Amino acid sequence: MKSKTILITGGTTGIGLATAKLLSAEGAKVIVTGRNPATLAAAQKELPAGTVILKSDSGSLAEAQALGTEIKKLTAQLDGVFLNAGIGQFGPIEAMTPQHYEDMFNVNVRGPYFQLQSLLPLLANPSALVLNASVVAELGFPTTSIYSATKAAVVSLGKSLAVELAPRGVRLNTLSPGPIATPIFNKLGFPADAQKGFEDHMAAQSLFKRFGTADEVAKLVRFLLSADSSYIIGENITIDGGIRLT
Ligand SMILES: NC(=O)c1ccc[n+]([C@@H]2O[C@H](COP(=O)([O-])OP(=O)(O)OC[C@H]3O[C@@H](n4cnc5c(N)ncnc54)[C@H](OP(=O)(O)O)[C@@H]3O)[C@@H](O)[C@H]2O)c1
């Protein structure tokens, strides 16, 4: 990763933050985005000096389309991009509102799509791109219907865009994590007891009987962004402790 410039959206907590730390430790110049002033400030303290922390809301179409212009002020080119920012709001269909629908599709699907469009002129040849989807894209879980649909859309975008961008030297892969211990589980909108039940169920489904860690996912992202994965393209790689098998 030495001397590579990598952009990570949603790099202020969880999987994005763990990836930013790992890539920085290996010599990359890292730029992370987020939107919450508190987590942006906390990330500034956690990440090494020299990391650029940028406020950019993936749910805003205007900010997604302006991301390329913002990044151009910082660097002439990007060697890798991890489009990772995402949100989940879980509940049965009766509890879901048009606002939930819009928020999740805007942040998880529209955001990365138009961010990528705006970043295209900055992508080096060769460069690597990783989209963060989820194993729920391919599984049936009660209460995750809209979230799962957004992630299925990400998997689909990953396939088409891998083919479309390959001639530019951009190597795109998608990641589908299972349950990973990150702050996202405190933001799902569940009552506390329901959340505990959901987490216990997810852990029990794993063949390892535990959640994965953000560090475990970060190592996979590093692999996909590095030349070590130079012949892997258009894949949707699952990292789920085997929950898809149970
Ligand atoms: N944890 C899991 O079990 C799991 C499983 C499968 C897939 N994923 C996916 O992994 C990705 C990272 O999630 P995580 O588990 O690491 O959760 P997390 O700790 O909540 O991290 C989400 C990151 O995205 C940022 N973000 C959220 N909404 C944003 C927006 N509108 N604009 C800019 N940044 C935004 C957050 O920043 P702020 O603090 O500023 O909001 C934070 O940095 C998501 O796409 C998620 O769907 C997670």
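Analyst: A helix is a DSSP run of H or I with at least four residues, a strand is a run of E with at least two, and both are numbered from the N terminus. The model discussed here is predicted. In it, helix H1 covers residues 14-25, and Gly27, which follows H1, has a positive phi near 95 degrees.

User: What span should the 12 residues of H1 have at 1.5 Å a residue?

Analyst: The expected span is 1.5 Å times one less than the number of residues. For H1 this gives 16 Å, and because the end C-alpha atoms are 17 Å apart, the two values agree. The check also holds for H7, residues 214-225, where 12 residues should span 16 Å and the end C-alpha atoms are 16 Å apart.

User: How many of the residues of H1 are buried?

Analyst: The general idea is that an α-helix has 3.6 residues a turn, so residues three or four places apart point the same way. In this structure H1 is mostly covered, with nine of its 12 residues buried. These are Gly14, Ile15, Gly16, Leu17, Ala18, Thr19, Ala20, Lys21 and Leu23.

User: Which residues of H7 are buried?

Analyst: In H7 the buried residues are Ala214, Val217, Ala218, Leu220, Val221, Arg222, Leu224 and Leu225.

User: At what angle do H1 and H7 pack?

Analyst: Two helices are compared through their axes. Those of H1 and H7 are 8 Å apart, at an angle of about 60 degrees. H1 is therefore oblique to H7, and their crossing is right-handed.

User: At roughly how many degrees do the axes of H4 and H5 cross?

Analyst: Angles under 35 degrees count as roughly parallel. The axes of H4 (residues 98-119) and H5 (residues 145-165) come within 9 Å and cross at roughly 15 degrees, so H4 and H5 are roughly parallel to each other. H4 passes H5 in a right-handed crossing.

User: Which residues around the ligand come nearest?

Analyst: A shell is read by its members, by their source and by their chemistry. Of the 30 residues around the ligand, Gly10, Gly14, Asn36, Gly86 and Ile184 come nearest. H1 and strand E2 (29-34) each supply at least two residues of the shell, and H1 gives the largest share, three residues. By chemical class the shell holds nine nonpolar, 18 polar and three charged residues.

User: Is Ser176 buried or exposed?

Analyst: A residue is buried if 20 or more other C-beta atoms lie within 10 Å of its own, and exposed if 12 or fewer do. Ser176, in strand E6 (residues 170-177), is buried because 24 other C-beta atoms lie within 10 Å. Leu129, in strand E5 (residues 123-132), has 26 C-beta neighbours inside 10 Å and therefore counts as buried.

User: Which peptide bond is cis?

Analyst: Omega identifies such a bond. The peptide bond from Asn125 to Pro126 is cis, with omega near 10 degrees, and Pro126 is found in strand E5.

User: What is the phi of Ser3, a residue other than glycine?

Analyst: Positive phi values are read together with location and burial. Ser3 has a phi near 65 degrees and is placed in the segment before strand E1 (5-9). With 8 C-beta neighbours inside 10 Å, Ser3 counts as exposed. Lys209, also not a glycine, has a positive phi of about 55 degrees. Lys209 is found in the loop between helix H6 (192-205) and strand E8 (212-213), and counts as exposed because it has 9 C-beta neighbours inside 10 Å.

Methods:
Residues numbered from 1 in each chain as written. Predicted model: local features only at pLDDT ≥ 70, side-chain atom pairs only at ≥ 80, totals over all residues. Near = placed C-beta within 6 Å. Nonpolar A, V, L, I, M, F, W, Y, C, P; charged D, E, K, R; others polar. Axes fitted to C-alpha atoms, helices over the stretch in contact; angles between N-to-C directions. Parallel < 35°, antiparallel > 145°, perpendicular 65-115°, else oblique. Left-handed = near helix turned anticlockwise from the far one by under 90°.
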